[in-house]
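Biologist: Please take a close look at one helix pair and what surrounds it. Keep the sentences short and give the cut-offs.

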Amino acid sequence: MTAANGRAVTGGGTVGDERTEGDTAGRPVAGDTLAAVVRQWQTVHPGLDTGPMEIIGRINRSAALLQQAEDAPLRHAGLTRPEFDLLGALRRTGLELTPGELARETFSSGAAVTKRLKQLTERGLVERRGDTRDRRVAHVRLTDAGRDLVDGILPEQLSYETAVLSGLDADGQRELAALLGELLVQLEGRLRAPRV
């Protein structure tokens, strides 16, 4: 995986970044870009608690790098990540869903879902049918081609994501997944998920 500047991303930093050992409290002092930002803020405001920045900043930076990274299997299929998320929601639920339900399943806005569904319909991957009781409501389902596409891409996409995470060992991945799960439960209980 590469960052925007073309340097390879490995284990939270980039190749060539200075790596430092963990401190005696067991808290790692990483040589990633956030470490430099934190050091700069601590110089400007020596008494400032940068703990939250060290977590949220790294989550945001990791998310940005993952978004910049190429999802090779999706790209080869001519799909964007949000389009694949819509197809995946239909496949994993095994149901016909309304655009509103798809918006909730994929944390997207209604307008974004409508635009994506139009493109997927034109490609023959989903089809819509009107509700017999309410003409304003549409039900969306996968076509056979859509189901076959999802089933063909998913194992390849998971292999790609495994490679992206290969800098963390299995225990590290499990620990990270558990911690992110705890954070997500808290955030979902307190904040509204952003719609994109």
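Modeller: What follows starts with the whole chain, goes to the helix pair, and then visits a few other sites.

This is a predicted model, in which local features need pLDDT of at least 70 and side-chain atom pairs count only at pLDDT 80 or more, while totals for chains, interfaces and linings use all residues. Residues are numbered from 1 along each chain as its sequence is written, and side-chain values use heavy atoms, with hydrogens and water left out.

First, the chain. It holds eight helices and four strands. Helices (H or I, at least four residues) and strands (E, at least two) are DSSP runs, numbered from the N terminus. Read from the N terminus, the order is β-β-α-α-α-α-α-α-β-β-α-α. Of the 196 residues, 27% are buried. Here buried means under 20% relative accessible area, exposed means over 50%, and partly exposed lies in between (1.4 Å probe, protein chains only). The chain exposes about 13200 Å², and carbon and sulfur atoms supply 56% of that area. Accessible areas come from the Shrake-Rupley method with a 1.4 Å probe; for residues, only the protein chains shown count as cover. Contact means heavy atoms within 4.5 Å. Among contacts between residues at least 6 apart in sequence, 49% join residues at least 24 apart.

Now the helix pair. Two packed helices are described by the angle between their axes and the distance between the axes. Helix α1 covers residues 33-44 and helix α2 covers residues 51-68; their axes come within 10 Å and cross at roughly 145°. Axes are lines fitted to C-alpha atoms, for helices over the stretch in contact, and angles run from 0 to 180 degrees between N-to-C directions. The crossing of α1 and α2 is right-handed. A crossing is right-handed if the near helix is turned clockwise from the far one by less than a right angle, and left-handed if anticlockwise. On the α1 side, the contact is made by Thr33, Leu34, Ala35, Val37, Val38, Trp41 and Gln42. On the α2 side, Met53, Glu54, Gly57, Arg58 and Arg61 take part. By class, this contact has six nonpolar, three polar and three charged residues. Ala, Val, Leu, Ile, Met, Phe, Trp, Tyr, Cys and Pro count as nonpolar, Asp, Glu, Lys and Arg as charged, and the others, Gly among them, as polar.

Take glycine 57 in α2. Its relative accessible area is 17%, so glycine 57 is buried. Leaving out residues up to four places away in sequence, glycine 57 touches Leu34 and Pro52. Glycine 57 and valine 37 are 20 residues apart in sequence, and their C-alpha atoms are 9.4 Å apart.

The loop between α1 and α2 holds threonine 50. Threonine 50 is at 3% relative accessibility, so this residue counts as buried. Not counting residues up to four places away in sequence, threonine 50 touches Val38, Trp41 and Gln42. Arginine 39 sits in α1. Arginine 39 is partly exposed, at a relative accessible area of 46%. From arginine 39 to threonine 50 is eleven residues in sequence and 9.2 Å in space, C-alpha to C-alpha.

Next, helix α7, residues 144-164, which contains glutamine 157. Glutamine 157 has a relative accessible area of 1%, so this residue is buried. Beyond neighbours within four places in sequence, glutamine 157 is in contact with Asp71, Pro73, Leu74 and Arg81. Glutamate 161 is also in α7. Glutamate 161 is partly exposed, with a relative accessible area of 26%. Glutamate 161 and aspartate 71 are 90 residues apart in sequence, yet 8.5 Å apart in space, C-alpha to C-alpha.

Then the strands. β3 (residues 126-130) and β4 pair in the antiparallel sense over five bridges. Two strands pair if DSSP finds at least two bridges between them. Arginine 129 stands opposite histidine 139 in β4. Strand β4 (residues 138-142) is largely enclosed by the rest of the structure, because four of its five residues are buried.

Last, a backbone point. Most residues other than glycine have a negative phi. Phenylalanine 107 is not a glycine, yet has a positive phi of about 55°. Phenylalanine 107 lies in the loop between α5 (99-106) and α6 (110-122). With a relative accessible area of 42%, phenylalanine 107 is partly exposed.
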